[in-house]
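Me: I am new to this structure and would like a close look at a single part of it. Please take one helix and go through it carefully, with the terms explained along the way.

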Amino acid sequence: MEFAELIKTANVEDVVLTQPFHPPVKGTLCVTGHHLLLSARDGDSSVELLLLLRNVDAIEKRQVEEPEVSTTSSGTITIKCKDLCILQLDIPGMEECLNIASSIEALSSLDTVTEMYPFFYRPTSLRLNDKWGLCSPEQEFEQISSLSERWRLSDVNKDYSVCPTYPTAVIVPRTIDDETLRKAAKFRQGGRFPVLSYYHRKNGMVIMRSSQPLPGANRKRCREDELLLQAVNDSSNQGYIIDTRSPQLAQQARMTGGGFESKSNYSGWRRLHRNLERGKVLQESLIKLVEACNDQSNNMDRWLSKLENSKWLSHVNTALVTAGLLAECVEREGRSVLVHGAEGTDTTLLLTSLAQLILDPHSRTLSGFMALVEREWVQDCHPFQQHCAHSAFSHARLRHEAPTFLLFLDCLGQLGRQFPLALEFSEALLLRLFQEAYASNFGTFLCNSDRERCALGVKEKTHCLWQWLSQPSVRPKFTNPLYQSTELAIWPCVQPQAIQLWQGLFFRWTNNAKYLEEAWEEI
């Protein structure tokens, strides 16, 4: 497909742009295959706007009658972006306005991955043959094998035939062979059998992750799955299974073939249910929150009511409480933990990631954190393309959208406020990752799985976000100048007054945020 076929009008003169923190500016608007550009008409042809069209979440059009000339009219386009910024374009001529709007709508909703901008982006500071990523299962295993002989690296999934949403290599107990893994995978939704997520150096306990088992209504069992979990624990130690669904949801899953680990078949494990919302509920919560933050009524009672009704801070609180519980099981009780919900690609990754940041000093460094996101979210196949298809403004009917990754970043923002010296990375990195997950120049967050990225040649034909962030000229922009390393765990305070709205994101495009940025630069 040629992008030109979707561009009904490529250039329009005398367009007025209104955007946050800037006075209105008049210039020439240009639509390209991936960007919307506006060049000012002040003699120096400076670019006032360079908007990646993938960042457009929704547009609204309206006609404006010209009072002096009754036969002509102009149009206004309001562009609501996935990064929560809102822009306005005043375009002379309603026909041009409609054509521009139609072009933006078509180009911002391209579904073919290889037509997206990362496949065309070629920065001068990076090369396509540069190393992709910061970590691999092989590197992770090398570190763990120097501490314990109880684990091995398995390539049972080397062709993605056992589990399409796992990487090609996974870390499993040494006593479990590949044939046992294949049989255990058939007893887990999507083939996501239990694999190692984190090894706690202090006491040798581990965090495992998987999807739900499949006993169904007939209460089937799988001895290979039982053996796999049995091999994780010492015979004298009981582990925990944290199920991110309520007991009622877990019971209901049996009716559709899913379920949970029974006490009789998994005697070495104790099951805990902690319900974390996901999917549509979480997406609607974000939509309500952003609506509240854009409320211009200046009515405090109304705003607080909208904030509470969104339940977003409640979701943040629940995630931190449950991650704290997971970390406490490992650190203070000396127990290994298996985490899963249903699919194992959503709230499961949220908890395993947060727990590692609480427990592991290396995960709190800039390079360690980037490696954590790559390992837990990218390699372990959080479906970014589905979950981040729309942000908070889209008028499209909700399908697979879910801001779980944004919830993770918000929880990190809470940790950063409570422990301002403990994280080497700054809030600027969290904001950047939010932006990159929804619309990016890089290929890191493309697709829904490692298998899809390999099939489409993402690692060969696009640039890696982590390589760009690791450049000496870029790295300082995302580093916390107050950072002081500590070997201690950082236990989040989850009292209601300790959980604050993330102003740096949700008020990012208001005047309040301008002063916050100035204060941070002063620090």
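What do the 15 residues of helix α6 (residues 279-293) span, and how far apart are its end C-alpha atoms?

Reply: A word on the source comes before the helix itself. The model is predicted, with local features needing pLDDT of at least 70 and side-chain atom pairs counting only at pLDDT 80 or more, while totals for chains, interfaces and linings use all residues. Residues are numbered from 1 along each chain as its sequence is written, and side-chain values use heavy atoms, with hydrogens and water left out.

Helices (H or I, at least four residues) and strands (E, at least two) are DSSP runs, numbered from the N terminus. At 1.5 Å a residue, the 15 residues of α6 should span 21 Å, and the end C-alpha atoms of α6 are 22 Å apart, which agrees; the expected span is 1.5 Å times one less than the number of residues.

Gly279, Leu282, Gln283, Ser285, Leu286, Leu289, Val290, Ala292 and Cys293 are the buried residues of α6, where buried means under 20% relative accessible area, exposed over 50% and partly exposed in between, with a 1.4 Å probe and protein chains only. An α-helix has 3.6 residues a turn, so residues three or four places apart point the same way. Among the elements that cover the buried residues of α6 are α7 (300-310), α8 (312-331), α12 (404-418) and α17 (503-506).

Of these neighbours, α7 can be followed further. The axes of α6 and α7 come within 8 Å and cross at roughly 165°, which makes α6 roughly antiparallel to α7. Axes are lines fitted to C-alpha atoms, for helices over the stretch in contact, and angles run from 0 to 180 degrees between N-to-C directions; those under 35 degrees count as roughly parallel, over 145 as roughly antiparallel, 65 to 115 as roughly perpendicular and the rest as oblique. The crossing of α6 and α7 is left-handed, a term for a near helix turned anticlockwise from the far one by less than a right angle, with clockwise being right-handed. Ser285, Lys288, Leu289, Glu291, Ala292 and Cys293 on the α6 side meet Trp303, Lys306, Leu307, Asn309 and Ser310 of α7, contact meaning heavy atoms within 4.5 Å. Ser285, Leu289, Ala292 and Cys293, which take part in this meeting, are also among the buried residues of α6.

For contrast, Glu142, found in helix α2 (residues 137-145), is exposed, with a relative accessible area of 57%. The C-alpha atoms of Glu142 and Arg152, 10 residues apart along the chain, are separated by 9.7 Å.
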